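Me: I'm in my first year and I'd like a close look at one part of this structure. Could you take me through a single helix and the residues around it?

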Amino acid sequence: LQGIFVLGLPYALLYSGYSGLFLIILAAALCCYTGKILITCLYEENEDGQLIRVRDTYEDIANACCKRLPPRLGGIIVNGTQVMELIMTCILYLVVSGNLLSYSFPHVPVTEKTWSVIAFVTLLPCVFIKTLKIVSKLSQLCSLVHFIIILVVMTYCLTQIHLWSWAKFRLSIEFEDFLVSVGVIIFSYTSQIFLPTLEGNMKNPGEFSCMLNWTHFFACVLKTTFALTAFLTWGEETKEIITDNLPSFLETLVNLCLLAKALLSYPLPFFAATEIVYACISRENHSKYRSPLFSLGVRGSFLLLTLLMAMFIPHFALLMGLTGNVTGAAMTFLLPSLFHLKLKWKKLSFLEKCADISVFTLGFLCGLAGIVCSIKRLLKVFG
């Protein structure tokens, strides 16, 4: 919930003004809600009225909702969407790593793509990751590095408190610019892809709802505080990545921290994507699909694929934006609310049905608007 997107929140406030602060809070509430209803879809009541976990993955939920369609069609669509988003996330981390190394060591005669290859070499041990427990340890280190970055930026901002002015906030906003802000804010909260695996691996799954409430609450407080202090410091000069606003003596330090964060962030989407792909391949009752060597080959192939795509995809940022608007809106808003309505319709109250329909409508409109904006920008670039 505290990914690299957080560093773009001050820039989002530049174009959304006061409404951006409201959006940060609203997005936290909506993403927390869709996370809960998604996990609810994993459970069914038995004859004694007890909740039993009858599904394990997002794919299982989709297949349960699409029984009347061709077999596994729902699961194939969900898996394809998940893997696409996870692949693009992994590629983004490699591209960002190369970019950060290039800016951190400008006097070294090495191209940005070569730096990406060097970053890739440090990620080779990912092929040996077999459990979520290892990923969670790396994620803890990632969170620590992230808080160091946030602390450095906010400490500097507080030294500039004499420059703060609420007059820097916009009262009128441009619609297209506002949509860009909506995308940055909403997608900084997305975590639904990981939730079924996370809940299934918890020592006490009964605490999942409480955990989700507290994590989204603290994420919202930190995002709001960070975005507000940074924007009040730089105002109209706020850049897309707020660390670019820092003075040079801090920028190198923060860039190296961001590099560590990007490399430590890679294993989570990598693990999730390879688990999905391997599970799909190994369904066939063939011994070679279940061997450790085959599993290693799947992870190694995936790792190499992300490097090749990171090096050769043109206009990556725009393609990432388009992919995010398609897959992010679908996985975070559209599918959880749609699946919840389908599986739990008879047990939902009128207000719960209205809430799910409202979230679905909002997600559809945000996704559609974001896709239109992304395609317009792509047409300008290729135009």
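Reply: Happy to help; here is a walk along helix 9, from its surface side chains to the core.

Keep in mind that this is a predicted model. Helix 9 covers residues 208-234, and Phe 217 is one of the residues found in it.

Let's begin on the outside. Trp 214, Phe 217, Phe 218 and Val 221 make up a nonpolar patch on the surface. Together these four residues have about 440 Å² of accessible area. How exposed are two of them? Phe 217 has a relative accessible area of 46%, so this residue is classed as partly exposed, a label used for values between 20% and 50%. Trp 214, at 48%, is partly exposed too.

Now look at how two rings of the patch are arranged. A pair of aromatic rings is described by two things, the distance of the centres and the angle of the planes. The model has 12 aromatic pairs. In the pair of Trp 214 and Phe 218, the ring centres are 5.6 Å apart and the planes lie at 25°, so the pair is stacked: planes under 30 degrees apart count as stacked. Trp 214 and Phe 218 are four residues apart in helix 9, which means that about one helical turn separates them.

For another example, take Tyr 266 and Phe 270. Their ring centres are 5.7 Å apart and their planes are at 25°, so they are stacked as well. Here both residues are buried.

Farther along the sequence of helix 9, we can turn to the inside. The largest nonpolar core has 55 residues, and Tyr 189 and Phe 226 touch the most other members. Several elements give two or more residues to this core, including helix 1 (9-16), helix 2 (18-40), helix 6 (132-159) and helix 9. Which element gives the largest share? That is helix 9, with 10 residues.

Phe 226 lets you see some of these neighbours one by one. Setting aside residues within four places in sequence, Phe 226 is in contact with Val 6, Leu 7 and Pro 10, with Ile 150, Val 153 and Met 154, and with Ile 242. Apart from the largest core lies another one, of 50 residues, which includes Leu 38, Tyr 266, Leu 303 and Ala 310.

One last stop is Phe 231, which forms one aromatic cluster with Tyr 18, Trp 166 and Phe 169.

To put the picture together: helix 9 holds the stacked rings of Trp 214 and Phe 218, and helix 9 also gives 10 residues to the largest nonpolar core.

Definitions and conventions
Residues are numbered from 1 along each chain as its sequence is written. This is a predicted model: local features need pLDDT of at least 70, side-chain atom pairs count only at pLDDT 80 or more; totals for chains, interfaces and linings use all residues. Side-chain values use heavy atoms; hydrogens and water are left out. Patches are made of residues with over 30% relative accessible area and no salt bridge: like charges are joined within 9 Å, nonpolar side chains (Val, Leu, Ile, Met, Phe, Trp, Tyr) within 5 Å. Accessible areas come from the Shrake-Rupley method with a 1.4 Å probe; for residues, only the protein chains shown count as cover. A salt bridge is a side-chain nitrogen of Lys or Arg within 4 Å of a carboxyl oxygen of Asp or Glu. Buried means under 20% relative accessible area, exposed over 50%, partly exposed in between (1.4 Å probe, protein chains only). A nonpolar core is a set of buried Ala, Val, Leu, Ile, Met, Phe, Trp, Tyr and Cys residues joined through side-chain atoms within 4.5 Å. Contact means heavy atoms within 4.5 Å. Rings of Phe, Tyr and Trp (its six-membered ring) pair if their centres lie within 6.5 Å; planes under 30 degrees apart count as stacked, over 60 as edge-to-face and the rest as tilted.
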